[in-house]
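Please load the model in your viewer and keep the selection panel at hand, as each stop below begins with something to select.

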Amino acid sequence: MPELTLEEENRDKGGGKSTAIIIAIVILAGIIGAVWLKSSKYAPVMVGSTAPDFTLQDMSGKGYTLSSLKGKVVFVNFWATWCKSCKDEMPSMQTLYAYLKDRNMPFEMLAISMDRVTTQKEIDPFVRSLGITFPILLDPWGKTDGKYKLTGVPESYIIDQEGRVVEKIIGPRDWTTINAVEKIFGLLNIQPQPQAERS
Amino acid sequence: MFNSFFFFDIIFWIYLAAACCYIFYMGIKKEGLGHLAFALTFIGWLLNTVVLVVRWYETGRAPYANLYETMVLLSWMIVAGYIAIELKYKKLRVLGAIIVSIAFLAIGAAAMLPYRYQAIEPLIPALQSNWLVLHVVTTFIGYAGFAIAFGLGIMYLFKERAERSGRKSFFDRFPSSEILDDMNYKFIAIGFPFVTLGIILGAIWANYAWGGYWSWDPKETWSLIVWFIYAGYFHGRLVRGWKGRKTAYFSIIGFTAVIFLYWGVSFVLPGLHAYA
């Protein structure tokens, strides 16, 4: 190996070093502070905890922010086009959504697609083929995945009018059965009627 | 709150800050900025150690069992290697611009993984063994060496081109192509025996765990491809006397194959070696 001259090292002995260490510590403190302020994200998302907030766009570019839906019961569903049981679950979600919308209930259903860039283009045909009318939100970078600590798809959260998680459902569910919608109907103060079943 | 994810998020930003400082340092000749970059790198490395220790405590086992954990280990090794370079050859500080960036990218890739790949899960029975530590640590020392050599190979190609043109350029700050070439060789010479040992240890372990030394699993096949690329590097270098550009390309292709071996095979070609 060619001989290295150490002129640069000698150029500013001492001088910049202590300043650099001080600045490094200030940067470190800033980073620790910033990460600390967001440390609530390390807590698990459970029934009773505040649902982590998010802002995502639907396929037409319209933005949805969870925290701005306070006062409504929110059904958040995580799904993906490559997930078979999501496809099985969605028609029943559509039935529930249509039922509550027809009655002008303070209710919102947000289905967040976990499709990354590779399968993004399959979302539109998927949604069309199932005739879905509730908002489909896009999350190609998986921002909500970490926030909700997803164990997979589908996964659903029922969030009350104050933004708290009331029910956490791992895996698919038939949303046209009375047992499935019990919590939602309870929050909305509706007595389940037979029409709520498959129409 | 002081869980491994907390410290992981801190090192993500520290390494990003350190990499940015090195990149700016490469552009402007201010030693103070270089000192800052090194201080940040060193702090980041200490906290990287903390991530590994805390994760070890949380999982109750050596924290090298999946893609996420091994990326933290890889960045720790790359940065350790870089710190050694910087302490030995102060003048080579600009190398940080690329090597610390690679360490940051390893952490960034781990951060991009879906949560279920980051979460702590009990170790599957086949991995509950001291062989895990031996096999993973030796293999990753090798990968870290290859990662550093990859960075040096890229710098070599830029520098060599600038030297040939003879004009003043941005790359004047890089060490001479001769030094880069020599260091590229040194790091591959460190990495290669470790990867070889890692493959051998993996085969012995496979014999215990799966009942056969070699089963042509995609991971095994690709590790052999990687091994042959670097074996080709040595053959070229020692027998044919290759130097410079040819070997720089080899180190770049070799590491690209390592990335595929590690990320591509895990997601694209499922096999026995399905954990990472």
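At roughly what angle do the axes of helix 2 and helix 3 of chain B cross? This is a predicted model, and if you select residues 31-59 and 67-88 of chain B you will have the two helices on display, their axes coming within 10 Å and crossing at roughly 145 degrees. The crossing of helix 2 of chain B and helix 3 of chain B is left-handed. To see where they meet, show side chains on helix 2 of chain B, including Phe38(B), Trp45(B), Leu52(B) and Arg55(B), and on helix 3 of chain B, including Glu69(B), Trp76(B), Ile83(B) and Glu86(B). Colouring this contact by residue class gives 12 nonpolar, five polar and three charged residues.

Next, keep helix 3 of chain B and add helix 6 of chain B, residues 130-165, which packs against helix 3 at an angle of about 55 degrees with the axes 9 Å apart; helix 3 of chain B is therefore oblique to helix 6 of chain B. Their crossing is right-handed. Among the residues that meet here are Leu73(B), Met77(B) and Tyr82(B) from helix 3 of chain B, and Phe140(B), Ala144(B) and Ile148(B) from helix 6 of chain B. This contact divides into 12 nonpolar, two polar and no charged residues.

Finally, bring chain A into view and select the contact between the chains, which takes 26 residues from chain B and 29 residues from chain A. On the side of chain B, the elements giving two or more residues are helix 1 (4-27), helix 2, helix 5 (115-118) and helix 7 (177-209). The residues on that side comprise 15 nonpolar, four polar and seven charged.

Conventions: Residues are numbered from 1 along each chain as its sequence is written. Chains are lettered from A and ligands numbered from 1 in the order in which they are written. This is a predicted model: local features need pLDDT of at least 70, side-chain atom pairs count only at pLDDT 80 or more; totals for chains, interfaces and linings use all residues. Axes are lines fitted to C-alpha atoms, for helices over the stretch in contact, and angles run from 0 to 180 degrees between N-to-C directions. Helices (H or I, at least four residues) and strands (E, at least two) are DSSP runs, numbered from the N terminus. A crossing is left-handed if the near helix is turned anticlockwise from the far one by less than a right angle, and right-handed if clockwise. Two residues are in contact if their C-beta atoms, placed from the backbone, lie within 7 Å. Ala, Val, Leu, Ile, Met, Phe, Trp, Tyr, Cys and Pro count as nonpolar, Asp, Glu, Lys and Arg as charged, and the others, Gly among them, as polar. Angles under 35 degrees count as roughly parallel, over 145 as roughly antiparallel, 65 to 115 as roughly perpendicular and the rest as oblique.
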